[in-house]
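Biologist: I should like to learn how to read the features of a protein model. May we go through one together, step by step?

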Amino acid sequence: PTTEGHPPRLFRGLIFGISNLVMFAAYALCFWFGAKLVEEGKTDFQKVFRVSWFPHNSKFVGLMGSFVI
């Protein structure tokens with residue numbers, strides 16, 4: 001077996017991992033900020049949860065679009 005394909009696969013895996021890290025870090029930051037607003041009484045949990053669905057659903061719309069093209 002040759003090892004010619006390993007660097008591109010390693011690079012793609014690294015990029016995939018970094019993109020997931022950025023996405024989940026953004027989710028964590030949004031939930032942290034939402035929890036802080038709820039704790040201060042500036043909003044309620046239902047509004048934070050409703051807003052948090054937008055990036056989550058847009059991710060799946062983007063994934064479905066990639067399967068169509």
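**Reading a predicted model**

Modeller: Let us begin with one residue, S52, which lies in helix α2. Please keep in mind throughout that this model is predicted.

Biologist: Is S52 buried or exposed?

Modeller: The relative accessible area of S52 is 18%. Buried means under 20%, so S52 is buried. In space, the C-alpha atom of S52 lies 8.0 Å from that of Y27, although 25 residues separate the two in sequence.

Biologist: How many helices and strands does the chain have?

Modeller: The chain has two helices and zero strands. Helix α1 covers 6–40, and helix α2 covers 45–68.

Biologist: What share of the chain is buried?

Modeller: Of the 69 residues in the chain, 7% are buried. The accessible surface of the chain is about 6,200 Å², and carbon and sulfur atoms account for 74% of that surface.

Biologist: How does one look for a pocket?

Modeller: The general idea is that a probe the size of a water molecule, rolled over the atoms, reveals where empty space remains. In this model, the largest pocket has a volume of about 210 Å³. Its lining consists of 12 residues, and those closest to the centre of the pocket are C30, G34, V48, V51 and S52.

Biologist: Which helix gives the most to the lining of the largest pocket?

Modeller: Helix α1 gives the most, with six residues. Both α1 and α2 supply at least two residues each. By kind, the lining of the largest pocket contains eight nonpolar residues, three polar ones and one charged one.

Biologist: V51 was named among the residues closest to the centre of the pocket. Is V51 buried or exposed?

Modeller: V51, found in helix α2, has a relative accessibility of 60% and therefore counts as exposed. The C-alpha atom of V51 is 9.4 Å from that of G34, a residue 17 positions away along the chain.

Biologist: Which residues make the nonpolar surface patch?

Modeller: F11, L14, I15, I18 and V22 make this patch, with an area of about 500 Å². One of them, L14, is placed in helix α1. L14 counts as exposed because its relative accessibility is 52%, and the cut-off for exposed is over 50%.

Biologist: How should I read charged side chains?

Modeller: In general, side chains of opposite charge can pair when their charged atoms come close. A salt bridge requires a nitrogen and an oxygen of such side chains within 4 Å. The count for this model is one salt bridge. K42 forms a salt bridge with E40, and their closest N and O atoms are 3.4 Å apart.

Biologist: How exposed are these two partners?

Modeller: K42 has a relative accessible area of 63%, so K42 is exposed. E40 has a relative accessibility of 43% and therefore counts as partly exposed.

Notes:
Residues numbered from 1 in each chain as written. Predicted model: local features only at pLDDT ≥ 70, side-chain atom pairs only at ≥ 80, totals over all residues. Heavy atoms only, no water. 1 Å grid on protein atoms, 1.4 Å probe; cavity = no way out; pocket = protein on both sides within 12 Å on 5 of 7 lines; lining within 4 Å. Points joined across faces, edges and corners; volume = space filled by probe spheres on them. Helix = DSSP H or I, 4+ residues; strand = E, 2+ residues; numbered from the N terminus. Nonpolar A, V, L, I, M, F, W, Y, C, P; charged D, E, K, R; others polar. Patch = residues over 30% accessible without salt bridge, like charges linked within 9 Å, V, L, I, M, F, W, Y side chains within 5 Å. Areas by Shrake-Rupley, 256 points an atom, 1.4 Å probe, with all protein chains shown as cover. Buried < 20%, exposed > 50% of the residue type's maximum accessible area, 1.4 Å probe, protein only.
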